[in-house]
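Trainee: Please walk me through a fold. I would like to learn how to read its sheet and its helices.

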Amino acid sequence: MTDNDDTVREIRINPIVPSESVLVATARGMRPTTEEKRVERNTASHVDRCPFCVGNEDKTPPTIVAEPDEKNWQIRIVENLYPVLGDDRNDAGINFGLQQAIEGYGRHEVIIDHNNHGIAIHEMEISHLQMLFSIYKQRMQQLYDNDERIRYVLVFKNFGEAAGASIKHTHSQIIAMPVIPENVYNEVLNSRNYYQKTHQCIFCSLIDEALTFEATIYDRESGEVRRKIDVGQYVVERGEKFIAIKPFASRYEWEVHILPLKHESDFLNSNDADFEDLSKVLKNTMARLDHVIGGTQYNFFLHSQPHGNACSDCAPSYHWHLEICPRTSIPTGFELGSGLFVSTISPEDAAKQLRDVTLD
Ligand SMILES: [Zn+2]
Ligand SMILES: [Zn+2]
Ligand SMILES: [Zn+2]
C-alpha cells in the first residue's frame with residue numbers, strides 16, 4: 001500500500017531468508033522505537049591505558065599472529081581474554097531426552113585491526129585493509145585446518161557498546177565453532193533450495209536484479225502508476241570485482257551487503273587482487289555510511305560457505321558476502337516478539353542517500 005509517491009507501507013520478505021521479514025513504514029511518526037545513541041569516536045591514535053595500544057602488548061594474552069612482525073605490528077591477533085568458546089575442555093556433548101547440547105568447543109580470538117587506536121575503517125589505507133582481509137583468510141584457513149570438528153569460522157566486527165564492543169580500540173573478532181550459526185545455515189538451506197529449482201545462485205540473481213531491475217507498479221483498479229522502481233536503485237557502490245547493495249528487505253535500516261560480482265561461495269578462494277577491490281568498495285561504503293549516519297554503532301559479519309558435510313554441495317548455490325549492520329534504533333518489544341523488524345526509511349531511499357554522498 002502506498003499513500004502517495006513517497007510513503008511506503010508494506011511487509012517485505014527477505015528473498016534469501018524468507019522467514020525474515022521487515023515492515024517498511026515510512027510515514028512520519030511511524031517509528032515506535034527509541035534511537036540508538038551515536039557514540040563519540042575517540043580519534044586519538046594512542047591511549048596509554050588501552051590494552052590494544054602499542055607498548056601495552058603485555059596486557060593482552062600472547063600474540064598469535066603479528067603482521068608484519070611483533071615489534072612493528074600493524075595488525076595483531078591475540079586470544080580473547082573472555083572467550084565465549086574455548087578449546088581447553090574435551091568432554092563430549094550432553095544428551096537428555098530431547099535436550100541436546102554440544103560442548104562449547106572452539107576458539108575465540110581478537111584481531112586488533114590497526115595500531116592506531118581510534119582510526120575508522122574509512123580512514124584506513126586500501127593496502128592496510130587488503131592486509132586485514134588476507135589475515136582474516138589466513139587465520140580462518142588455519143582454524144579450519146587445525147580441528148576437523150570446526151564447522152564454521154565467523155569473522156565479525158563491532159563498533160560501539162550497543163554493537164557489543166567493550167574495548168574502544170578498533171578490532172574485529174574471530175570465532176571458530178562446532179556448529180553453523182543459524183542465520184548462515186538458513187542462507188545455505190534457502191539458497192540451495194533456490195538452486196535446485198532454478199539452477200541459479202539466488203545471490204547472483206539479486207545482483208543482476210540490483211543492476212538491471214526496472215519496474216512500474218500500477219494500481220490494480222485505477223490503472224494509475226503507484227510507484228516506479230529505477231535501474232540500479234539498490235546499488236550503493238560498485239568496484240571492478242565487488243558491489244555494495246542495500247538489500248530490498250533487511251533487519252537494519254541502513255544495512256548494506258558487499259558481494260563479489262563473480263560467483264564464489266567461499267571467501268577462502270579470494271586472492272590479493274580481490275582483496276584490493278573489496279577494500280576499496282568497503283572503504284567507500286563506510287565513508288558513505290559515516291557521512292549519512294556518522295557515529296552510528298555497527299557490526300559487520302563475514303558470511304562464507306561453511307566447511308564440512310552440511311555444505312559439501314553448496315559451491316554453486318552459496319555466495320559469500322559481508323553484511324554491514326548499523327544499529328540506528330533499539331529493537332522494540334514488537335520487533336523482538338514478532339521477529340518483524342520495522343524500517344522507517346525505505347531501502348530505496350536509504351540507498352539513494354548513500355549513493356548521493358560525494359566522496360573526496
Ligand atoms: Zn588502543
Ligand atoms: Zn552467486
Ligand atoms: Zn549473510
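Mentor: We take the sheet, then the burial of its strands, then a helix pair.

Mentor: This is a predicted model: local features need pLDDT of at least 70, side-chain atom pairs count only at pLDDT 80 or more, and totals for chains, interfaces and linings use all residues. Residues are numbered from 1 along each chain as its sequence is written, and chains are lettered from A and ligands numbered from 1 in the order in which they are written.

Trainee: What holds the strands of a sheet together?

Mentor: Strands pair through backbone hydrogen bonds, either parallel or antiparallel. Strands here are DSSP runs (E, at least two residues), as helices are (H or I, at least four), numbered from the N terminus. Two strands pair if DSSP finds at least two bridges between them.

Trainee: In what order do the ten strands of the open sheet run?

Mentor: The order is 4-5-8-10-9-16-17-15-14-13, with antiparallel pairing. Strand 4 (63-67) and strand 13 (235-238) are the edges, and each pairs on one side only. From one strand to the next, the twist averages 20°.

Trainee: How many bridges join strand 4 to strand 5?

Mentor: Four, and strand 5 covers residues 75-79. T63 faces V78 of strand 5 there. Strand 5 is also joined to strand 8 by four bridges, again antiparallel. In that pair, I77 is opposite I111. Strand 8 then has six bridges to strand 10 (residues 171-177), where E109 is opposite I174.

Trainee: Which strands pair with strand 17?

Mentor: Strand 16 (residues 297-303) does so over seven bridges, and strand 15 (residues 256-260) over three. I324 of strand 17 shows both pairings: F300 stands opposite I324, and so does V256.

Trainee: What links strand 13 to strand 14?

Mentor: A hairpin, through three residues. The two strands pair over three bridges, antiparallel, with E237 opposite A244. Strand 14 also has four bridges to strand 15, where F242 is opposite P260.

Trainee: Now burial. How many residues of strand 8 are buried?

Mentor: Count C-beta atoms, placed from the backbone: a residue is buried if 20 or more others lie within 10 Å of its own, exposed if 12 or fewer, partly exposed in between. Six of the six residues of strand 8 (residues 107-112) are buried, so the rest of the structure largely encloses this strand. R107, E109 and I111 lie on one side, H108, V110 and I112 on the other.

Trainee: Which residues of strand 17 point each way?

Mentor: H321, E323, C325 and R327 point one way, L322, I324 and P326 the other. Seven of the seven residues in this strand (residues 321-327) are buried.

Trainee: How far apart are the end C-alpha atoms of helix 1?

Mentor: The expected span is 1.5 Å times one less than the number of residues. For the 21 residues of helix 1 (residues 126-146) that gives 30 Å; the ends are 30 Å apart, which agrees. Its buried residues include L129, F133 and Y136.

Trainee: At what angle do helix 1 and helix 4 pack?

Mentor: Two packed helices are described by the angle between their axes and the distance between the axes. Axes are lines fitted to C-alpha atoms, for helices over the stretch in contact; angles run from 0 to 180 degrees between N-to-C directions. Helix 1 and helix 4 (residues 272-293) pack at about 120°, axes 8 Å apart. That makes helix 1 oblique to helix 4 (under 35 degrees is roughly parallel, over 145 roughly antiparallel, 65 to 115 roughly perpendicular, the rest oblique).
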